Protein chains: 2
Amino acid sequence: MGMSTDTGPGTSRGSASGTRRPDEPATGLRETKKRETRQLISDHATRLFLQQGFEATTLAEIADAARVAKKTVTNYFPRKEDMALDHQDEFVAGLARTVSGREPGESPFAALRRAFLSAVAAQDPVAGFAGPEFIRMIVESPTLSACLRGLHDQREEALAAALAEATGASAGDITPRAAAALLGGVHRVLFQRIQELTLAGRANPEIAAVLEGEAVRAFDLLAPALADYS
Amino acid sequence: MGMSTDTGPGTSRGSASGTRRPDEPATGLRETKKRETRQLISDHATRLFLQQGFEATTLAEIADAARVAKKTVTNYFPRKEDMALDHQDEFVAGLARTVSGREPGESPFAALRRAFLSAVAAQDPVAGFAGPEFIRMIVESPTLSACLRGLHDQREEALAAALAEATGASAGDITPRAAAALLGGVHRVLFQRIQELTLAGRANPEIAAVLEGEAVRAFDLLAPALADYS
DNA sequence: GCTAAAATTACCTCCGACGTAATTTTCCCC
DNA sequence: GGGGAAAATTACGTCGGAGGTAATTTTAGC
């Protein structure tokens, strides 16, 4: 998950001749090497984390493995956690984007249910699918577990904003936030369930089969409350 | 919130003659001084946290203020956060206890709604009522915010266990966990709402009045899903 | 090429977390 | 009420992550 926000040390270009729009692909040599360095560090970090655990791996080890200075590591990744959890932005924005981009006439509830079921069918990492070692790395590290909780929280917050916009709720209305907590909560419980089954040694197709049924039950539980919410 | 679990360094008694049951009030001089030292540290820590912020306060400052060694501080409070968030156990166990101890014939949903409304009426700190400085201390500290998220998570987990026991759900059933996420989510959103209004400068009675209405709306939203769940 | 900006680097401090051994305080039993 | 055991407190040390600074190297644009 995540991290599309941070592109590394110093994203701005020279101020004298601003010929480049900030959202261009950035095809210069400097940007290329920046991406390479970032990927190099991330790869070595991930490998070490999976091999010997997140907490047991030090920044110095990562820097040595990637053959860069320790400071370069912390320049690209201000926090150690950012090297382990990738695609954070995608994860956080996912539910909100599902609501914002839903078919006309479709309720947020229906859109989110459909999105989760197809994510399960596709064994999408954003839904919780990952290798057992990766999940073990997270659950065995208090730091990473706390970070993941924070991501679930941000995701719910973004969903609340999308729901408020979709339903035209007034500023102080608590309903979008409550609805986001309910919908986000179901997604989170199912996410955790996928991780739990992965840790239990089940293979992804089997997990997808189990989750399909459990997801239907969980969303059915919530349906009487939110099916008509829009 | 919390911290009833950790009574300080070394709770066990002499092994030669175990004449005392471990759950006795512990009225000896040693236990008294232990409680006093613990309270002394906690008081100075809380004062410093509120004065200059959580992150800006160091363990050395706290130790100096309490006139004890730095190691004594970390003996009583393994993590810095534990000095700031009190009554953790009470907070975590609250919802589960409400379900376990509900009136016969009352649904978990009704019991939890009733409990929250009376907590609001009583301006209970466990529901989110606290001084603005205390709440500011939390929201301005990433460490404390993450810790509070973790407490909400533990609370939901305990609630899921209580719901599974109350409804006699089978071991692998996802329903209690989903229901706990929904009920815990509503409680959490309302908790955050109380904090938000407190930060906005509203007085507690005014907050209680606002929350009463919002809580009814939030629980009403959830009612069609869970009113009959038991 | 030359110049300015950005990236990388080698040090640095600070603080929380943790461990260990020595010292003092308290307790229990004789 | 004194002696020995246990526990609490203490001083001291290490380690790792976070963060800052100035110097050096690399790249981009003229």
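Which residues touch the most other members of the largest nonpolar core? The legends below start there and then move through this predicted model view by view.

**View 1. The largest nonpolar core, centred on Leu226(A) and Leu226(B).** This core has 76 residues, and the two that touch the most other members are Leu226(A) and Leu226(B). Setting aside neighbours within four places in sequence, Leu226(A) is in contact with Phe109(A), Ala179(A), Leu182(A) and Leu183(A) of its own chain, and with Leu221(B). Another core, of 24 residues, lies apart from this one, and its members include Ile41(B), Phe49(B), Phe54(B) and Ala63(B). As background, nonpolar side chains in soluble globular proteins tend to be buried together.

**View 2. The two chains and the axis that relates them.** A turn of 180° with a shift of 0.0 Å along the axis lays chain B on chain A, with an RMSD of 0.0 Å. This relation is therefore that of a two-fold axis. Both copies use the same surface, since 100% of the contact residues of chain B recur in chain A.

**View 3. Helix α8 of chain A against helix α8 of chain B.** In each chain this helix covers residues 142-167, and the two pack with their axes 10 Å apart at an angle of about 85°. An angle from 65 to 115 degrees counts as roughly perpendicular, so that is how α8(A) sits relative to α8(B). Which residues of the two helices meet here? From α8(A) they are Arg149(A), Gly150(A) and Asp153(A), and from α8(B) they are Arg149(B), Gly150(B) and Asp153(B).

**View 4. Helix α7 meeting α8 within chain A.** Helix α7 of chain A, residues 132-139, packs on α8(A) at an angle of about 95°, and the axes are 6 Å apart. These two helices are therefore roughly perpendicular to each other as well. On the α7(A) side the contact involves Met137(A), Ile138(A) and Val139(A). Their partners on α8(A) are Leu144(A), Ser145(A) and Leu148(A).

**View 5. Cys147 in both chains.** Is Cys147(A) buried or exposed? Cys147(A) has a relative accessible area of 13%, and because under 20% counts as buried, it is a buried residue. Cys147(B) is buried too, with a relative accessible area of 13%. If you are wondering about cross-links, there are zero disulfides over all chains of the structure. For reference, a disulfide is a covalent bond between the sulfur atoms of two cysteines.

**View 6. Two loop residues with positive phi, Arg67(A) and Gln123(B).** Most residues other than glycine have a negative phi. Arg67(A) has a phi near 55°, a positive value in a residue other than glycine. Look for Arg67(A) in the loop between α2 (59-66) and α3 (70-76) of chain A, where it is exposed, with a relative accessible area of 76%. Gln123(B), also not a glycine, has a positive phi of about 50°. The loop that holds Gln123(B) runs between α6 (108-121) and α7 (132-139) of chain B. Gln123(B) is partly exposed, at a relative accessible area of 28%.

**View 7. Ser42(B) and Thr37(B) on helix α1 of chain B.** Helix α1 of chain B spans residues 29-52 and includes Ser42(B). With a relative accessibility of 12%, Ser42(B) counts as buried. What does Ser42(B) contact, leaving aside its neighbours within four places in sequence? The partners are Phe77(B) and Met83(B). Thr37(B) is found in helix α1 of chain B too, and it is partly exposed, with a relative accessible area of 21%. Outside its neighbours within four places in sequence, Thr37(B) is in contact with Thr72(B) and Tyr76(B). Thr37(B) and Tyr76(B) are 39 residues apart in sequence, and their C-alpha atoms are 8.8 Å apart in space.

**View 8. Chain A as a whole, a chain of ten helices.** To put the close-ups in context, chain A has ten helices and zero strands. Read from the N terminus, its elements run α-α-α-α-α-α-α-α-α-α. Of the 230 residues in chain A, 45% are buried. Among the contacts in chain A between residues at least 6 apart in sequence, 72% join residues at least 24 apart.

Terms used:
Residues are numbered from 1 along each chain as its sequence is written. Chains are lettered from A and ligands numbered from 1 in the order in which they are written. This is a predicted model: local features need pLDDT of at least 70, side-chain atom pairs count only at pLDDT 80 or more; totals for chains, interfaces and linings use all residues. Side-chain values use heavy atoms; hydrogens and water are left out. A disulfide is a pair of cysteine sulfur atoms within 2.5 Å. Buried means under 20% relative accessible area, exposed over 50%, partly exposed in between (1.4 Å probe, protein chains only). Copies are superposed by least squares on the C-alpha atoms of residues with pLDDT of at least 70 in both. Contact means heavy atoms within 4.5 Å. A nonpolar core is a set of buried Ala, Val, Leu, Ile, Met, Phe, Trp, Tyr and Cys residues joined through side-chain atoms within 4.5 Å. Axes are lines fitted to C-alpha atoms, for helices over the stretch in contact, and angles run from 0 to 180 degrees between N-to-C directions. Helices (H or I, at least four residues) and strands (E, at least two) are DSSP runs, numbered from the N terminus. Angles under 35 degrees count as roughly parallel, over 145 as roughly antiparallel, 65 to 115 as roughly perpendicular and the rest as oblique.
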